[in-house]
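User: Hey, can you walk me through this one? I'm new to looking at structures.
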Amino acid sequence: MRTPRIKRATVPATPLARTRRARKIAGQLALEFPDAVCELDFTTPLDLAVATILSAQCTDVRVNMVTPALFAKYPAAADYAGADRAELEEMIRTTGFFRNKANSIIGLGRDVVERFGGVLPGTLEDLVTLPGIGRKTANVILGNAFGVPGITVDTHLGRLVRRWGLTTETDAVKVEFELNAMIPPADWTMFSHQAIYHGRRVCHAKKPACGACFIADLCPSYGAGPVEPALAAQLVAGPERPHLLALVGLADET
């Protein structure tokens, strides 16, 4: 297959240029992943808070294997507050850092019971005061459990926006504030989901699938991974793979 010639995009030089680039990329992401969702399974806001704590340094797939039994045993904040530490640690052991996570989850349950009447609060200001919940986790909870838009700057999104030349910041809060100024608030949550999907399926950390990327013509980092389409196509992952390859005119041959 002949490698298509893609002119590498320049890094946008002004705030207006970055905003225009960000919105173009957001439009492309919406075509790639129109049905993107939070990949942590949950039913209640409390479930999502616990799942997000467990997701630190762990895959969503692994967390989703652990949480059904956990949510069944601890359906309310009071249940976490009164949990037997050894039993809780054993249930979450496979997510890694299980002792610290157990501390956070038990502390979360106690604070929610003592300070919020057993109901997880629905504001950023309150959420970030709870054990195990920082700004990133709070935005996940708000965007997905309460319908309050927020940009979640995880490792995938942070990597991508730097590759796209939208920011040079490495601090997650600074990145969030910069993106807030570029992306319409109503799109914050979906932009986060779609960028994270793109990072997990196409724009991998070590070897991005540049030659099979729908956003290649907007990316100043084009060429960081293989540009030959057949090679790049082998790197595209996830259930959306046939759709992602079709968008760039490639067939799914697996």
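User: So how many helices and strands are there in the chain?
Analyst: Keep in mind this is a predicted model. The chain has 13 helices and zero strands.

User: And how compact is the chain?
Analyst: The radius of gyration is 20 Å, close to the 18 Å that the globule rule gives for 254 residues, so the chain is as compact as a globular protein of that length. As for the box that the C-alpha atoms fill, that's roughly 60 × 40 × 25 Å along the principal axes.

User: What share of the residues is buried?
Analyst: Buried residues are 49% of the 254 in the chain.

User: What about the surface, how much of it belongs to carbon and sulfur atoms?
Analyst: Carbon and sulfur atoms hold 55% of an accessible surface of about 12200 Å².

User: Switching topic: what is phi for Q57?
Analyst: Q57 has a positive phi of about 55 degrees, and it isn't a glycine. Most residues other than glycine have a negative phi.

User: Where does Q57 lie?
Analyst: In the loop between α2 (45-54) and α3 (60-73).

User: Is Q57 buried or exposed?
Analyst: Exposed, with a relative accessible area of 69%.

User: OK, and F97, what's its phi?
Analyst: F97 isn't a glycine either, and its phi is positive, near 50 degrees. You'll find F97 in the loop between α5 (85-92) and α6 (98-116). F97 is exposed, with a relative accessible area of 54%.

User: Last one: how far apart are the mean positions of the positive and negative charges?
Analyst: They're 10 Å apart, for 28 positive and 26 negative charges.

Terms used. Residues numbered from 1 in each chain as written. Predicted model: local features only at pLDDT ≥ 70, side-chain atom pairs only at ≥ 80, totals over all residues. Heavy atoms only, no water. Helix = DSSP H or I, 4+ residues; strand = E, 2+ residues; numbered from the N terminus. Rg over C-alpha atoms; globule rule 2.2 N^0.38 Å. Buried < 20%, exposed > 50% of the residue type's maximum accessible area, 1.4 Å probe, protein only. Areas by Shrake-Rupley, 256 points an atom, 1.4 Å probe, with all protein chains shown as cover. Lys, Arg positive; Asp, Glu negative; His and termini not counted. Charge placed at Lys NZ, Arg CZ, Asp CG, Glu CD.
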